[in-house]
Amino acid sequence: MDYKNAGVDIEAGYRSVELMKKHIQETMRAEVMGGIGGFSGAFSLDAVKRMEHPVLLSGTDGVGTKLKLAFLMDKHDTVGIDCVAMCVNDVACAGGEPIFFLDYIACGKNIPEKIATIVSGVAEGCRQSGAALIGGETAEMPGFYPIHEYDLAGFAVGVADKKDLIDGSDLKEGDVLIGMASSGVHSNGFSLVRKVFEDELTAEGLNTYYDELGTTLGEALITPTKIYVKAMKAIKDAGVRVKACSHITGGGFYENIPRMLKEGTRAVVKKGSYEVPAIFGLLAKKGAIEEEMMYSTYNMGLGMIIAVDPEDEGRTLEAVRTAGETPYVIGFIEAGEKGVTLC
């Protein structure tokens with residue numbers, strides 16, 4: 001009896017590391033110390049010394065049950081982007097620059113080519129956010145996960161000068177709300193998505209083309225989460241002070257927007273001020289989901305919402321567009337009970 005007979009293939013683990021090295025290398029930053037394969041990842045903080053009061057920020061998350069879709073479609077090159085996005089967007093939301101990322105993959109069976117494909121997506125997310133992929137872990141856990149399934153999670157570390165932190169403290173009545181378009185469902189609410197489309201969760205169903213979506217159902221649902229790090233940096237570089245920011249994830253508008261507000265301020269969002277992707281209309285119609293529940297569960301087309309001074313509206317819109325994202329003026333801040341009004 002040996003470890004391989006027990007279901008853990010150490011040689012496959014070595015092979016996975018070799019296959020993923022090229023993807024990891026593409027994410028390297030000058031601050032990364034050492035190579036791949038050590039017991040820990042090292043990152044120099046010399047550049048941070050130039051900040052007046054450096055603050056470390058962190059974010060951790062996973063992909064959730066969206067992974068079930070990846071299993072059904074046998075498509076594993078984008079969920080890594082989702083994993084990175086969920087973490088680095090939180091860091092950027094607080095005014096930070098993501099500097100490095102680590103991932104964790106747990107699987108029933110280590111298939112090196114599949115693991116490398118997953119990591120290629122993680123590396124792509126790191127490239128999009130400017131974070132270095134400095135380490136990770138692949139755990140083969142036979143008997144715990146089905147052979148062809150896995151879980152994926154990770155965490156990001158970022159840095160910001162204390163004076164640049166976004167905390168909503170100087171938010172005031174009349175400030176403008178600007179939303180950045182999402183790419184679709186992103187990585188939240190997939191338990192409900194799978195329940196609504198349970199009859200379509202087959203190879204044939206997911207490959208069905210929908211005119212209103214302009215693509216197949218599977219491709220619309222698995223589209224990776226947008227990463228807004230570059231847009232947030234572009235806004236800062238344009239000289240705009242972002243007063244408050246909300247990453248619209250699980251809990252949708254009603255849970256996440258209030259998190260950016262200080263007491264005595266209320267966000268007013270105009271539902272007709274931006275384009276809602278067709279996938280949400282299809283989801284609501286097929287599942288007979290009430291509007292309030294949709295806005296309580298999904299991003300409804302806006303992945304990031306920021307508040308800026310009215311005088312900075314034009315510069316902010318231009319900066320977001322320059323970064324390759326689509327911005328909308330979606331509402332304003334008013335005095336009132338902390339919360340959000342959709343109208």
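## His-23 in helix α1

Let's start with His-23, which sits in helix α1 of this predicted model. His-23 has a relative accessible area of 16%, so this residue counts as buried, the cut-off being under 20%. Who keeps it company? Setting aside neighbours within four places in sequence, His-23 touches Ala-116, Ser-120, Ala-123 and Arg-127.

## The largest pocket

Helix α1 (10-25) turns up again here, as one of the elements giving two or more residues to the lining of the largest pocket, along with β4 (97-107) and β5 (132-140). This pocket has a volume of about 760 Å³. It is lined by 29 residues, and the closest to its centre are Gly-13, Val-17, Gly-136, Glu-137 and Thr-138.

Strand β5 is the top contributor, with eight lining residues. By class, the lining splits into 14 nonpolar, eleven polar and four charged residues.

## The second largest pocket

Next comes a pocket holding about 510 Å³ of space. Of its 27 lining residues, Gly-95, Gly-96, Met-232, Lys-233 and Lys-236 are the closest to the centre. The elements that supply two or more residues are β6 (150-161) and α8 (229-237), and α8 gives the most, with seven.

Charge is well represented in this lining: twelve charged residues, next to ten nonpolar and five polar. Both domain 1 (3-164) and domain 2 (175-342) chip in, with at least three residues each.

## Lys-236 and Asp-164

Lys-236, already met by the centre of the second largest pocket, also forms a salt bridge with Asp-164, with the closest N and O atoms 3.3 Å apart. Lys-236 belongs to helix α8 and Asp-164 to the loop between β6 and β7 (176-181), so the bridge ties together parts 72 residues apart in sequence. Lys-236 is partly exposed at 47% relative accessibility, and Asp-164 is partly exposed too, at 22%. The structure holds 23 salt bridges.

## A salt-bridge network

Lys-172, Asp-175, Lys-243 and Asp-309 are linked in a network of salt bridges. In one pair, Lys-172 meets Asp-309 at 2.9 Å, N to O. That pair connects the loop between β6 and β7, home of Lys-172, with the loop between β12 (302-308) and α12 (313-322), home of Asp-309, 137 residues apart. Lys-172 is partly exposed, at 36%.

In another, Lys-243 and Asp-175 come together at 3.1 Å, N to O. Lys-243 is in the loop between α8 and β10 (244-247) and Asp-175 in the loop between β6 and β7, so this bridge joins parts 68 residues apart in sequence. Lys-243 is buried, with a relative accessible area of 8%, and Asp-175 is buried at 0%.

Conventions:
Residues numbered from 1 in each chain as written. Predicted model: local features only at pLDDT ≥ 70, side-chain atom pairs only at ≥ 80, totals over all residues. Heavy atoms only, no water. 1 Å grid on protein atoms, 1.4 Å probe; cavity = no way out; pocket = protein on both sides within 12 Å on 5 of 7 lines; lining within 4 Å. Points joined across faces, edges and corners; volume = space filled by probe spheres on them. Helix = DSSP H or I, 4+ residues; strand = E, 2+ residues; numbered from the N terminus. Nonpolar A, V, L, I, M, F, W, Y, C, P; charged D, E, K, R; others polar. Domains from an automatic or database assignment. Buried < 20%, exposed > 50% of the residue type's maximum accessible area, 1.4 Å probe, protein only. Contact = heavy atoms within 4.5 Å. Salt bridge = Lys/Arg side-chain N within 4 Å of Asp/Glu carboxyl O.
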